[in-house]
Amino acid sequence: MTLDEKLQRKMYKEIWQEYCGFLDLSMEEYMEIQNRLMMEQIHLYAGCRLGQRFFGGEEPRSVEEYRRKVPLTRYEDYADVLLKRDESALPAKSVIWIETTWEGGRNPIKLAPYTQSMVENHRGTILSCMLLATSDRRGSFRLRKGDKFLFGMAPLPYFTGIIPYALQGQLTVDFMPPVSNAVQMSFGQRNKEGLKQGMQHGIDIFFGMSSVIARISEMFGETMKGGGGTSGGKLKMLMKNSPKMNWKIIRAMHRCKEEGVELQPKDIWSPKGLMCGGTDSSCFKKKIEKYWGVRPMEIFGGTEPTCIGTETWSRDGMVLFPDICFYEFIPEQEMLRSLEDPSYQPHTYLMNELVAGENYEIVISSFKGGAFVRYRVGDVFRCVRLKNAADGIGYPQFAYVDHIPTVIDIAGFTRITE
């Protein structure tokens, strides 16, 4: 049964349990999932050429042996295979290759293979995020079939483009702009067209880069003043809107004019949920909430790890999905030492060995036939707390801190190294 069908039958408890039940896990249950899936992945990896490269010809018999014998890796350890899309070397057949930037002039892109099982897993995390984005307490959500989804992210072959692809056949949402049109547009055009359609039909869910949402919000009042340019253009624009939206717009513009204040998105829209991502989300979340009247929910993902983290209804710390990757954590001092001395292999800790308040560089091993083993993604998290008694979450929550010190990220669009 699809999520569409379950929503239609109002099977809300069953939906929550299926997609958000992982929030009920104890620390012991969380680690059992991690270890079981890691052993499955070790077996897959042992049978491929990449696995032989890192395993030295001998399959680890336990997670402890795997961590002891397999070195930490970076993208250059995979580049000769992945940049050639060499399927014969992989632990499982890929169905999509996802792309991102790498080293600019020397190696412009990185490629990561996604298996069918990874895509199906990713579908689950996307739906979990959408449910939680429309939630204000445990077990309650407002996601519905046909919601209008303002999608301010990049299409395939970039990581965020997998969202519409993964939802096919499971949940029907009205993407603005439609995916078939969005792939033909530049990033700026997609955002402008999406907002235009949002003016016509309303917005239920908004997902975008935090820096972009903040900038759109700041410019919103001036943009609305410009409208369609000439009075004829404005009239033409209004004629495309639903009567309900026109009433909201006219009433909001009249009120703001009388009060002498700038028009803001919250004067026109009341989204059920607002999801944001990007390395600088912590800098913009309060500003976004001020403009939209909705507290944004931060998620974390990337080309190599996929979507691995989401905030919950409290919006005060991310949890990491237990069935997407195996997680290890390098303490900050160990990370800094390894950056000074590349030959040094830093010690890693598991989810049940962390210290609240400490910063860690995250290390992932892909599940479900993915390519990466003990892979240093290059991102730093702070362990906010070991458990959240108020929300009934029995394992750690995190805040994204930054890239590792050798990488500078500007607004999610520019990445600078030496």
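# Exercises on side-chain contacts and backbone geometry

Apart from neighbours within four places in sequence, Ser281 is in contact with Ser210, Cys276 and Glu298. The model is a predicted one, and the exercises below treat its computed geometry.

**Exercise 1. Describe the setting of Ser281: where is it found, is it buried or exposed, and with which side chain does its own side chain make a polar contact?**

Step 1. Ser281 belongs to helix α14, which covers residues 281–292.

Step 2. The relative accessibility of Ser281 is 0%, so this residue counts as buried, the limit for that class being under 20%.

Step 3. A polar contact of 2.6 Å joins the side chain of Ser281 to the side chain of Ser210. Ser210 is also one of the residues in the contact list of Ser281, beside Cys276 and Glu298.

**Exercise 2. Locate the cis peptide bonds that precede Pro157 and Pro177; which residues do they join, and what is omega in each?**

Step 1. Leu156 and Pro157 are joined by a cis peptide bond with omega of about 15°. Pro157 lies in the loop between β3 (148–152) and α8 (162–167).

Step 2. Met176 and Pro177 are likewise joined by a cis peptide bond, here with omega of about -5°. The loop between β4 (174–176) and α9 (179–182) holds Pro177.

**Exercise 3. Examine the positive phi values of Thr306 and Arg315; where is each residue placed, and is each buried or exposed?**

Step 1. Thr306 is not a glycine, yet its phi is positive, at about 70°. The residue is found in strand β8 (residues 306–311). Its relative accessibility is 5%, so Thr306 counts as buried.

Step 2. Arg315, also not a glycine, has a positive phi of about 55°. Its place is the loop between β8 and β9 (318–320). With a relative accessibility of 8%, Arg315 counts as buried.

**Exercise 4. Classify the aromatic pairs Phe149–Phe151 and Phe300–Tyr400.**

Step 1. A pair of aromatic rings is described by the distance of the centres and the angle of the planes. The pairing rule gives 25 aromatic pairs in this model.

Step 2. For Phe149 and Phe151 the centres are 5.8 Å apart and the planes make an angle of 80°. Edge-to-face requires an angle over 60 degrees, so the pair is edge-to-face. Phe149 is buried at 1% relative accessibility, and Phe151 is buried with a relative accessible area of 10%.

Step 3. The ring centres of Phe300 and Tyr400 are 5.4 Å apart and the planes stand at 25°, so this pair is stacked. Phe300 lies in strand β7 (residues 297–302) and Tyr400 in strand β13 (residues 397–403), and the pair links these distant parts of the chain, 100 residues apart. Both Phe300 and Tyr400 are buried.

Step 4. Phe300 and Tyr400 also belong to one aromatic cluster with Phe329, Tyr360, Phe381 and Phe398.

**Exercise 5. State how far Lys290 and Arg337 lie from the centres of the rings of Tyr291 and Tyr344.**

Step 1. The charged end of Lys290 sits over the ring of Tyr291, at 5.3 Å from the ring centre.

Step 2. Arg337 lies over the face of Tyr344, 3.8 Å from the centre of that ring.

**Exercise 6. Analyse the salt bridges Glu328–Arg67, Lys272–Asp147 and Glu259–Arg255: what is the N to O distance in each, and where do the partners lie?**

Step 1. The count of salt bridges is 22. In one of them the side chains of Glu328 and Arg67 meet at 3.1 Å, N to O. Glu328 lies in strand β10 (residues 325–331) and Arg67 in helix α5 (residues 63–69), so the pair ties together parts 261 residues apart in sequence. Glu328 counts as buried, at 0% relative accessibility.

Step 2. Lys272 and Asp147 meet in a salt bridge of 2.8 Å, N to O. Lys272 is in the loop between α13 (243–259) and β6 (273–277), and Asp147 is in the loop between α7 (116–133) and β3; the two are 125 residues apart. Lys272 is buried at 17% relative accessible area, and Asp147 is buried at 4%.

Step 3. The closest N and O atoms of Glu259 and Arg255 are 3.2 Å apart in their salt bridge. Because these residues are four apart in helix α13, about one helical turn separates them. Both are partly exposed, Glu259 at 49% and Arg255 at 33%.

Definitions and conventions: Residues numbered from 1 in each chain as written. Heavy atoms only, no water. Buried < 20%, exposed > 50% of the residue type's maximum accessible area, 1.4 Å probe, protein only. Phe/Tyr/Trp six-rings, centres within 6.5 Å; stacked < 30°, edge-to-face > 60°. Lys NZ or Arg CZ within 6 Å of the ring centre and 35° of its normal. Polar contact = N/O pair within 3.5 Å; in protein donor to acceptor, adjacent residues only side chain to side chain. Contact = heavy atoms within 4.5 Å. Salt bridge = Lys/Arg side-chain N within 4 Å of Asp/Glu carboxyl O.
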